[in-house]
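Please walk me through this model in the viewer. Tell me what to select at each stop and what is there.

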2 protein chains.
Amino acid sequence: MKTEALAFFDRVRPAIDASLDELLPAESARPSQIHRAMRYSIFAGGKRLRPALCVAGFSLFQDEIRPILTVASAIEMVHTYSLIHDDLPAMDDDDFRRGMPSCHAKFGEATAILAGDALLTLAFEILSSFHGFSDSAKLHAMAALARALGTRDGMIAGQVLDLEAEGHTPQKAQVEAIHAAKTGALLSTSVWIGAYLAGADESESQQILAYGRKIGLAFQIVDDVLDETATGSALGKTAGKDREHRKATYPAAIGIEESLRMVRQLTEEARQLVKPFGERGSILMEIAGFLETRCH
Amino acid sequence: MKTEALAFFDRVRPAIDASLDELLPAESARPSQIHRAMRYSIFAGGKRLRPALCVAGFSLFQDEIRPILTVASAIEMVHTYSLIHDDLPAMDDDDFRRGMPSCHAKFGEATAILAGDALLTLAFEILSSFHGFSDSAKLHAMAALARALGTRDGMIAGQVLDLEAEGHTPQKAQVEAIHAAKTGALLSTSVWIGAYLAGADESESQQILAYGRKIGLAFQIVDDVLDETATGSALGKTAGKDREHRKATYPAAIGIEESLRMVRQLTEEARQLVKPFGERGSILMEIAGFLETRCH
């Protein structure tokens, strides 16, 4: 069962990486320090989950993946911006990411702040100037992406709520709100943008968005569980930091067993949501199942 | 002579402020900490020079200023994002801005980083979703704005070059490149966006852009000179910091007298560039003259 999702990732990842390589300024472009930092963090071994979801959403209705690669790459840029800023000393203060020094540990804090800013800015520059799709579709997708990154129910809202919750005993509803904003909004918007630009109608779009929210939440619960149970070398970052900082996590709120039960339930619900797409939906079904297995 | 420019600012500033107030989430909107920080920095007494230039560019061809206010407000948001991040301890490390505690001094570093991120994100959310102008014009304006903020010849490039140059004896050409990127790109793009969205043709657009570059450079030289000659209370921030940090400034590269001569020359060249617009260009002419008088 897992094989199809893995094969999809294996096929999409190099295409995303090639697109990112083309879209990012060369390391030699002046001022080179900032371009080195941007490329370092982009090519530090990410799973490319969000762009892959964007491509998978697009593949629900289109055979060719090439037209969506620029959009998917811009999504990876905004995701990387968020990781760089999250890792900063004033934020989560993590010197490692995916087993390598985080951006500020490698390039210094000032460059890391600017590299994050620059990736966010470049994503919007690309989205507002690339060729493909209608102008109105591009604007609609950009508005949704910006909202998913924003302060109302997007990523920054989640980050602020997360910092506020630190040190308190977390409630389940609170953890869910944090995770929905911090991780769920961008994940679900990634798959939605792909489907929307591929021509999904309103009802299909809503189903895809609901699917994205389910797997986004499942993905974050798995992350929380892994922080509790895995070793630092397996994680590629410092393990057990959530507990140490009394972060609002699912294991802290409802325990590991119940967290894993929720992951199974959310995964199954997500799979049911894309079942109606038949053969075309099989990749999204497999991705949901694949995310669940990260816990095993 | 100065009166017309001042009257223009006095008329435009409240309109921009009202538009910003409408576009920003309420302080009470959850999570309120981030919205308080965003509003604090936006309403900390800025001159609204960039949005005013955008409105002035628009007024070259249109009588009503209302249609451009949303765009002008988004420009002020990205400007404020840049100030918040510039002031951070890892960057220019300035605890005061316009006579008040800077964002991180008031709300802490994590919130300040996120407030900057949020203002940049909100600007693009607004620009991609507001009503008015054609979709293609909006995309074109957004691409130009993003580029003016970016790493090639935009604001982030200027900031990186500025940090790199610290501690070395600056050359005039180097200072000019830093200032053109750090201040000039956004200033000239602000007035260009206004003129472009008002219907300027290609040749008019180029003239406006050149005007913006001249006054952008003049503005930054004046800033450098004021840092050398004014007192902290007159500046609203710590005076003499540029010299202390051996920043790449015009006074350091060519001396104060020659800097002031350049301001006069740039101002005159800028005025000549908008003279062909006749009565309609008088505001832009006055703004150029007005910027020059800040030194006296």
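The tour below goes from one chain to the pair, then to single helices and residues.

**Before you click**

This is a predicted model: local features need pLDDT of at least 70, side-chain atom pairs count only at pLDDT 80 or more, and totals for chains, interfaces and linings use all residues. Residues are numbered from 1 along each chain as its sequence is written, while chains are lettered from A and ligands numbered from 1 in the order in which they are written.

**Stop 1: chain A alone**

Select chain A and show it as a cartoon. Chain A has 15 helices and 2 strands. These are DSSP runs, numbered from the N terminus: helices are H or I with at least four residues, strands are E with at least two. Along its principal axes, the C-alpha trace of chain A spans about 50 × 45 × 35 Å. The radius of gyration of chain A is 18 Å, which agrees with the value near 19 Å for a compact globule of 296 residues. That radius is taken over C-alpha atoms, and the globule rule is 2.2 Å times the number of residues to the power 0.38.

Of the 296 residues in chain A, 56% are buried. Buried means 20 or more other C-beta atoms within 10 Å of the residue's own; exposed means 12 or fewer, and partly exposed lies in between, with C-beta atoms placed from the backbone. Now consider contacts, where two C-beta atoms, placed from the backbone, lie within 7 Å. Among contacts in chain A between residues at least 6 apart in sequence, 72% join residues at least 24 apart.

**Stop 2: both chains**

Add chain B. A turn of 180° and a shift of 0.0 Å along the axis lay chain B on chain A with an RMSD of 0.0 Å. That is the relation of a two-fold axis. The superposition is by least squares on C-alpha atoms of residues with pLDDT of at least 70 in both copies. To find the axis, select D135(B): its C-alpha comes closest of the residues of chain B, at 2.9 Å.

**Stop 3: the interface**

How many residues of chain B are in contact with chain A? There are 42, and they touch 42 residues of chain A. Select α2 (32-42), α6 (109-129), α7 (135-148) and α8 (155-165) of chain B; each supplies at least two residues of this side. The largest share, 13 residues, comes from α6(B). The side of chain B that touches chain A divides into 24 nonpolar, 10 polar and 8 charged residues. Here Ala, Val, Leu, Ile, Met, Phe, Trp, Tyr, Cys and Pro count as nonpolar, Asp, Glu, Lys and Arg as charged, and the others, Gly among them, as polar. The copies meet through the same surface, because 100% of the interface residues of chain B are also interface residues in chain A.

**Stop 4: L88(A)**

Select L88(A), in the loop between α4 (69-87) and β1 (96-97) of chain A. L88(A) counts as buried because it has 22 C-beta neighbours inside 10 Å. Leaving aside neighbours within four places in sequence, L88(A) is in contact with H104(A), E109(A), A112(A), I113(A) and I113(B).

**Stop 5: T229(B)**

Move to T229(B), in helix α10 (residues 202-229) of chain B. T229(B) has 15 C-beta neighbours inside 10 Å and so counts as partly exposed. Measure across to A239(B): the C-alpha atoms are separated by 8.2 Å, at 10 residues apart along the chain.
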